[in-house]
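Subject: Structure for you to look at

Dear colleague,

I am handing over the structure we spoke about, and I would ask you to open it beside this message as you read. My notes on what was found in it follow below.

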Amino acid sequence: MISSNLDIKIIIGSWGSYNACNKRALGSTWLDLSKYTEWEQIEEELKKQGFKLDSIDEELFIQDIEGLPSDSCNWDYMNPKRLFEILMESDVLYCDYKYEILQAFLEIKNFSDFENLVDSYGANWDMDVHLFKNWDWDDYGRDYYQTCNGEINSDIDNYFDFERYGEDVGYDNAYKYSEGIIVIYE
């Protein structure tokens, strides 16, 4: 079942109509990608809106996007069919948690990095991406220390800078994002 909490919407434009300055130059209406299960359904919607996909409107582009960071990709050059296929294959359109991971991932990396993970691992693209919501570097450092060394006794707790330790041990693969720490093993 497709989640109703996801909100990735796009306006699809056509380079032919854009260059011809015709009535479709401003693109489609907003299309909520979570409402579709196959690209052909989107094509049918575009045809209902007057797109001529076998002629002037055959070369499509993403004219506007909501639900994904606008700075994670040059969306004008992303084929909307490719975007839809990547989101479907990744299960981002089906799973709130994968959507949440993608949002955090795109704060640190770009859409091309996500696309490469999906091409390599399909729906398991997130197997080496871990979110630690509401964590800071101190929390990450404490957890890392406990995992490697066991209990944190009061002697260590009073004199050890876990914040700096967390930043240091996470240098290669842990990043601060808006809601906590994300670890991306590459």
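To begin with a question that you can follow on the screen: which residues line the largest pocket? Please keep in mind that this is a predicted model. The lining is made up of F105, K109, D113, L117, Y121, W125, M127, D128, V129, I184, Y185 and E186, and the pocket that they surround has a volume of about 160 Å³. Of these lining residues, 8 are nonpolar and 4 are charged, while none is polar. Helix α5, which covers residues 111-121, gives the most to this lining, with 3 residues.

Stepping back to the whole chain, you will find 8 helices and 6 strands in the protein, and read along the sequence they follow the pattern β-α-β-α-β-α-α-α-β-α-α-α-β-β. The radius of gyration is 21 Å, well over the 16 Å that the globule rule gives for 186 residues, and the protein is therefore more spread out than a compact globule. Along its principal axes, the C-alpha trace spans about 75 × 30 × 25 Å.

One open sheet is built from 3 strands in the order β2-β1-β3, with antiparallel pairing. Its edge strands are β2 (31-32) and β3 (60-66), each of which pairs on one side only. Strand β1 (residues 9-14) is joined to β2 by 2 bridges, and K9 has D32 in β2 as its bridge partner. Helix α3 (residues 80-89) packs on this sheet, where it touches β1 and β3 and makes an angle of about 55 degrees with the direction of β3.

Another open sheet, also antiparallel, holds 3 strands in the order β4-β6-β5. Because β4 (129-133) and β5 (174-177) stand at the edges with a single partner strand each, one side of each is left without a neighbour in the sheet. From one strand to the next, the twist averages 25 degrees. Between β4 and β6 (residues 180-184), which run antiparallel, there are 5 bridges, and H130 has V183 in β6 as its bridge partner. Helix α4 (residues 96-108) packs on this sheet and touches β4, β5 and β6, with its direction at about 90 degrees to that of β4. Helix α6 (residues 137-149), in turn, lies across β5 and β6 and runs at about 150 degrees to β5.

With best wishes

Methods: Residues numbered from 1 in each chain as written. Predicted model: local features only at pLDDT ≥ 70, side-chain atom pairs only at ≥ 80, totals over all residues. Heavy atoms only, no water. Pairing = 2+ DSSP bridges. Helix = DSSP H or I, 4+ residues; strand = E, 2+ residues; numbered from the N terminus. Axes fitted to C-alpha atoms, helices over the stretch in contact; angles between N-to-C directions. Contact = heavy atoms within 4.5 Å. 1 Å grid on protein atoms, 1.4 Å probe; cavity = no way out; pocket = protein on both sides within 12 Å on 5 of 7 lines; lining within 4 Å. Points joined across faces, edges and corners; volume = space filled by probe spheres on them. Nonpolar A, V, L, I, M, F, W, Y, C, P; charged D, E, K, R; others polar. Rg over C-alpha atoms; globule rule 2.2 N^0.38 Å.
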